[in-house]
Amino acid sequence: MEVFRRRISLNLNLLFLLCVLLVVFHIGPIGADASNASLAQNEKPLHQCVQCGNGEEQRIANRISTNEDDKDIDIIAAYSDPSGAFRLGRVKLKDLSASWVWENSVDGNHHQPLSSQTDPLVSRTENEEKVERSVDGQPPAEDEADFSRLSSINPVKLKRRAMRMERRALRAANLIREDKEVDDQMAAAAIERSKSFDTTVKGKYSIWRRDFENPKSDSTLKLMRDQIIMAKAYANIAKSKNDTRLYNTLMKHCRESQLAIGEANSDVGLHPSALDRAKTMGHALAMAKDELYDCLTMSRKLRTMLQSTEDNVNAQKKKSAFLTQLAAKTVPKSLHCLPLHLAGDYFLKGYHLNHNIDREKTENPSLYHYAIFSDNVLATSVVVNSTVLHAKEPEKHVFHIVTDKLNFAAMRMWFLVNSPSKATIQVQNIDDFKWLNSSYCSVLRQLESARLKEYYFKANHPSSLSVGMDNLKYRNPKYLSMLNHLRFYLPEVYPKLDKILFLDDDIVVQKDLTPLWSIDLKGMVNGAVETCKESFHRFDKYLNFSNPKISENFDPNACGWAFGMNIFDLKEWRKRNMTGIYHYWQDMNEDRTLWKLGSLPPGLITFYNLTYPLDRGWHVLGLGYDPALNLTEIENAAVIHYNGNYKPWLDLAVSKYKSYWSKYVMPGNPYLQLCNISE
């Protein structure tokens, strides 16, 4: 029994010793590994950077083994779970992100990240600093300190900083490129706008004043105006930089220079102190240049001023065009007075009972017949007087004058009491042409439409001043007058004639015109002087070639010609039914998409390829708008034409052309004296 007890006790002791040995062998390697890792790394625990944390309240103690190159090293982490219980966790070193860094538990310094890859920014920075130290002659002994300083910056921060620097550099480059592109675009736009400027010299600032013999008669004036422009540019730059003193100085000199210039158009009209003002302004500009000059800033400022000036010029051009059209449409008081007195005497003195007309002459095709359609008594009288005065056989010349009902009495009265010697004058009222009605005449039907009247008289119509000056001339009331379109019905008005010379009322005849009836038109209907010069006054100027109806039937480069003096072969007219062609195209243009209003565009279409070009000496145009015509050509021309707004009977007339017209006005006529009409 005693022996059995001893055996059991011995077995229990051996079992206990075996358990203890198992526990020791299990825990020992872990403790040894942890101890060796702590000694090898100088007690460097591992923790996550603050920026990369997830915000949870945790305390993590990290231990690593001595071999950092071993990708399978175990890291035991102690932490508290959400319930507060103490836990142990195991993680592989290779599974940690680059945001985990070594920390010295003694001095708290951060060392390289756990990742085996080196940060390129740190490496590049170290190399640059090494190069700088070698250039400066400094020994490389401070590399460790520099590495410690760089390694103390979190690599995530370094990367973010590098990304921010790259983004800033990229944004700055984009802004510089865009700024340069904008400057280039503005410069290109300025160059394109400058190409459209009309640089034709038409006198010195005014087309009506005399040209000075000295070509530099306004050099000081131009200098002062240029100085004012530069001073305003520098003043704006000074104001943007809060340089009040320089701004006030420049503006003061601008005002003084403006006062010195006044209303002068040349140096002769300048104030005596103008030259001193220019010198003082020059000193001020030199001072401003020293303080503020920057090429890019000045170019932008001058470009801005140029843009503003162009806008002002365009606005003034629109106003000028509107006022010119208004002045051209307005009847002067003297011209309004003349038909009133003539019409009064026509009825008071019984001239309305006189119907003596030589029918034989008015219908004789062997004579020289003229057609004049006008409501202007004075202008028509000049046409007739100048023609008869230069005619070799005035008794063979017959003038057919057609006017409206309002001016019929005055027109007939004038030629009854002032009949040119031997020539025959026939005055007709357009309202007496009963065949000329809206059922036959398409243009008359269009002129009576409410839509077309709205086009002319509605103030806020798109063709008004707010849009531009191009369409203003088409709002002249003459385009609403049937007298302007009667030229397309010559065979109906004069059924017994074979040839007729059409004359506008704003022309002056300077030679005998009878040779025109002898010209062989070679089967053409219309004989006219062509007006195209190089690319000017061709069909594309008058017709809308974006419309296929026009582009498919006409040549845009076809040469244009002018109404005003046209010899028409009425036989060919009737044979080719020219009036029917005119009606066809007028009906097509009821919505005014083929051409604007007027008689020339439909005339170009109607007589397309049926116009015989006359010698340019027969007809010189432009006296009503161009002050730079050749005076020799004017004096040698058979007919001169005041086409344009500057009619010779208006105050707008170009003074140097007015004498060609006024010498055929009879100043001694009692009616002209009564209405104060003189040369």
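Phe322 is found in helix α8, which covers residues 295-329. In this predicted model, Phe322 has a relative accessible area of 37%, so the residue counts as partly exposed. Look around Phe322 and you will find Leu323 and Leu326, which join it in a nonpolar patch on the surface. Together, the three residues of this patch offer about 280 Å² of accessible area.

Now step back to take in the whole chain. The protein chain has 679 residues, and buried residues make up 40% of them. The chain holds 23 helices and 16 strands. Its accessible surface comes to about 39,600 Å², and carbon and sulfur atoms account for 54% of that area. What share of the contacts with a separation of 6 or more comes from residues 24 or more positions apart? The share is 71% in this protein chain.

Next, turn to helix α4, which spans residues 155-195. Arg161 lies in this helix, and its relative accessibility of 42% means that Arg161 counts as partly exposed. Arg161 belongs to a positive surface patch, where it is joined by Lys157, Arg160, Arg164, Arg167, Arg168 and Arg171.

Stay with helix α4 a little longer to meet a charged pair. Side chains of opposite charge can pair when their charged atoms come close. Here the side chains of Glu181 and Arg177 meet in a salt bridge, at 3.9 Å from N to O. Both residues lie in α4, four residues apart, or about one turn of the helix. Why does that spacing suit a pair on one helix? An α-helix has 3.6 residues a turn, so residues three or four places apart point the same way. Are these partners buried, partly exposed or exposed? Glu181 is partly exposed, with a relative accessible area of 40%, and Arg177 is partly exposed too, with 42%.

How many salt bridges does the structure hold? There are eleven, and two more of them are worth a visit. In one, Arg487 pairs with Asp504, and the closest N and O atoms are 3.7 Å apart. This pair links distant parts of the chain, 17 residues apart: Arg487 sits in the loop between α14 (450-457) and α15 (490-493), while Asp504 sits in the loop between β10 (499-503) and β11 (507-509). With a relative accessible area of 7%, Arg487 is buried. Asp504, at 14% relative accessibility, counts as buried as well.

In the other, the side chains of Asp498 and Lys571 meet in a salt bridge of 3.9 Å, N to O. Asp498 lies in the loop between α15 and β10, and Lys571 lies in helix α18 (residues 570-576), so this salt bridge ties together parts that are 73 residues apart in sequence. Asp498 is partly exposed, having a relative accessible area of 28%, whereas Lys571 is exposed, with 51%.

Helix α15 has come up as a landmark, and Glu492 has its place there. At 27% relative accessibility, Glu492 counts as partly exposed. Which residues does Glu492 touch, not counting those up to four places away in sequence? They are Trp435, Tyr440 and Thr579. You can also compare the positions of Glu492 and Leu436: these two residues are 56 residues apart along the chain, and their C-alpha atoms are separated by 9.3 Å.

Our last stop is helix α22, made of residues 655-662. Which residues of this helix are buried? They are Tyr657, Tyr660, Trp661 and Ser662. The buried residues of α22 pack against several elements, namely α11, β11, α21 (631-636) and β16 (639-641).

One of those partners, helix α11, runs over residues 377-390 and contains Asn385. Asn385 counts as buried because its relative accessibility is 16%, below the 20% cut-off for that class. Leaving aside neighbours within four places in sequence, Asn385 is in contact with Tyr664 and Met666.

Definitions and conventions:
Residues are numbered from 1 along each chain as its sequence is written. This is a predicted model: local features need pLDDT of at least 70, side-chain atom pairs count only at pLDDT 80 or more; totals for chains, interfaces and linings use all residues. Side-chain values use heavy atoms; hydrogens and water are left out. Patches are made of residues with over 30% relative accessible area and no salt bridge: like charges are joined within 9 Å, nonpolar side chains (Val, Leu, Ile, Met, Phe, Trp, Tyr) within 5 Å. Accessible areas come from the Shrake-Rupley method with a 1.4 Å probe; for residues, only the protein chains shown count as cover. A salt bridge is a side-chain nitrogen of Lys or Arg within 4 Å of a carboxyl oxygen of Asp or Glu. Lys and Arg count as positive and Asp and Glu as negative; His and the chain ends are not counted. The place of a charge is taken as NZ of Lys, CZ of Arg, CG of Asp or CD of Glu. Helices (H or I, at least four residues) and strands (E, at least two) are DSSP runs, numbered from the N terminus. Buried means under 20% relative accessible area, exposed over 50%, partly exposed in between (1.4 Å probe, protein chains only). Contact means heavy atoms within 4.5 Å.
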